[in-house]
Amino acid sequence: MIKHVLVTGGAGFIGSHLVDVLLARGYEVTVLDSLLAQVHADGERDADGWPVYLDLRAKRIKGDVLDEGVFEAALLGVTHLVHLAASVGVGQSMTNIVDYTRNNVMTAAVILETLSQRPHTVERMVVASSMSIYGEGAYRVPSTGKVVAPPPRSHDQLAARHWELSMDGEDLTPIATTEEKSLRPASIYAINKRDHEEMFLAVGQTLQIPTVALRLFNAYGSRQALSNPYTGVAAIFISRLLNDQPPLVFEDGRQKRDFVHVGDVADAFVTVLASDLAVWDVFNVGSGSPIAIAEMASVLARMLDKSIAADYLAKYRAGDVRHCFADISKIERTFGVRPQRSFDDGMQELISWVSEAKVPLDRSRASIAELEKQRLLV
Ligand SMILES: NC(=O)c1ccc[n+]([C@@H]2O[C@H](COP(=O)([O-])OP(=O)(O)OC[C@H]3O[C@@H](n4cnc5c(N)ncnc54)[C@H](O)[C@@H]3O)[C@@H](O)[C@H]2O)c1
């Protein structure tokens, strides 16, 4: 039997790349997407509102997972489910709490209740979780070598512009975060993603449908929503530089993240989906190579041939962590997944795509003003 994958949120950034890989590997694909305005408003769209980059061979259902009967109807003949549909702005989640919780947690409830109560043919589920559920990444105490999972930085510490995590007067050294690290989500988005991950694992186990949650680190690449000022720091910096403006950097720019190309994320989903391993578990998906935000800004300026230095705001965003980057050994050990794209090649692909946007959009100042108004940037 041909495997038939339903991708919720399949018209989005990660979803559309996943659809390409699935089709190339011979899967039948159905996309269920509500085409959220914040994500799709500025991109090129066809007469029905679908982004033009979405492969025409995928069956399309325009609808909201939350609307009664929509998800159940989309399940017809589906053997594999990938759930990506979500609202994805971390900062925005701190003010639009009802919307975020509805769209990121109730969607999981609708999907899981449908699978529990209705006939279906789903054999396997893979859902998108997020590194944000860790809160701060893992650290080591330099003097003792002990690995620790510190709480978030206090308001007083941040007000004093002491950016690094410290313990007993000693600054901690960031290390790669494994799946074992305790979860300390610091935003509504992250709390939602943790709840949704746990809901899938618990109900998947009860229904005996193998279920994997992939904890994605910072995905980047073409088709990233430029209309959404709350996501995608790499795309935002490139837009600024193309407009001859300095990238705006929070804190001092030394905070480290893990940028993974969307092509590697899509490959990870397909490998996990295609596997027969009956597991109910969580896996990091990252590049395994951390980079400081300031360094990324200067690499991008160099790649774009712009001599523009970043603007360091020395301000912090509520809920932001200092360092978080992935230990990716578990997914490699279990499924043989390893990222294939180098940082430079991946960023070049993103640059080409942002450059082709009719006018590279730059909403950094507007979104920063909005965060300040909401007192989420201090
Ligand atoms: N991009 C990242 O770096 C990243 C990192 C960690 C986790 N994730 C997770 O990966 C998933 C995909 O993220 P993305 O970056 O592709 O986001 P995106 O905004 O580009 O795509 C999400 C898609 O879901 C659709 N959607 C939203 N709510 C819906 C609903 N109720 N019903 C149907 N469709 C709906 C949107 O219209 C959009 O097309 C999300 O679950 C996100 O939380 C992304």
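Which residue follows helix 10, and what is the sign of its phi? I will come back to that in a moment, after saying that what you see here is a predicted model. The residue in question is Asp-305, which follows helix 10 and has a positive phi, near 60°.

Staying with that helix for a moment, helix 10 runs over residues 293–303 and is mostly covered, with 8 of its 11 residues buried. The buried ones are Ile-293, Ala-294, Met-296 and Ala-297, and then, further along, Val-299, Leu-300, Ala-301 and Met-303.

Let me now turn to the ligand. There are 29 residues around it, and of these Asp-33, His-40, Asn-103, Tyr-189 and Lys-193 come nearest. Asn-103 also appears among the polar pairs, since an N or O atom in its side chain lies 2.7 Å from a nitrogen atom of the ligand. Polar backbone atoms are involved as well: one of Leu-84 is 2.8 Å from an oxygen atom of the ligand, and one of Ala-219 is 2.9 Å from an oxygen atom of the ligand. As for cover, the ligand taken alone exposes 830 Å², and the protein buries 94% of that.

Where does the shell come from? At least two residues each are supplied by helix 1 (13–24), helix 2 (37–40), helix 5 (97–117), strand 5 (124–130), helix 7 (188–207) and strand 12 (218–220), and it is strand 5 that gives the most, with 3 residues. Sorted by class, the shell around the ligand has 16 nonpolar residues, 10 polar ones and 3 charged ones.

How values were computed. Residues numbered from 1 in each chain as written. Predicted model: local features only at pLDDT ≥ 70, side-chain atom pairs only at ≥ 80, totals over all residues. Heavy atoms only, no water. Near = heavy atom within 4 Å. Polar contact = N/O pair within 3.5 Å; in protein donor to acceptor, adjacent residues only side chain to side chain. Areas by Shrake-Rupley, 256 points an atom, 1.4 Å probe, with all protein chains shown as cover. Helix = DSSP H or I, 4+ residues; strand = E, 2+ residues; numbered from the N terminus. Nonpolar A, V, L, I, M, F, W, Y, C, P; charged D, E, K, R; others polar. Buried < 20%, exposed > 50% of the residue type's maximum accessible area, 1.4 Å probe, protein only.
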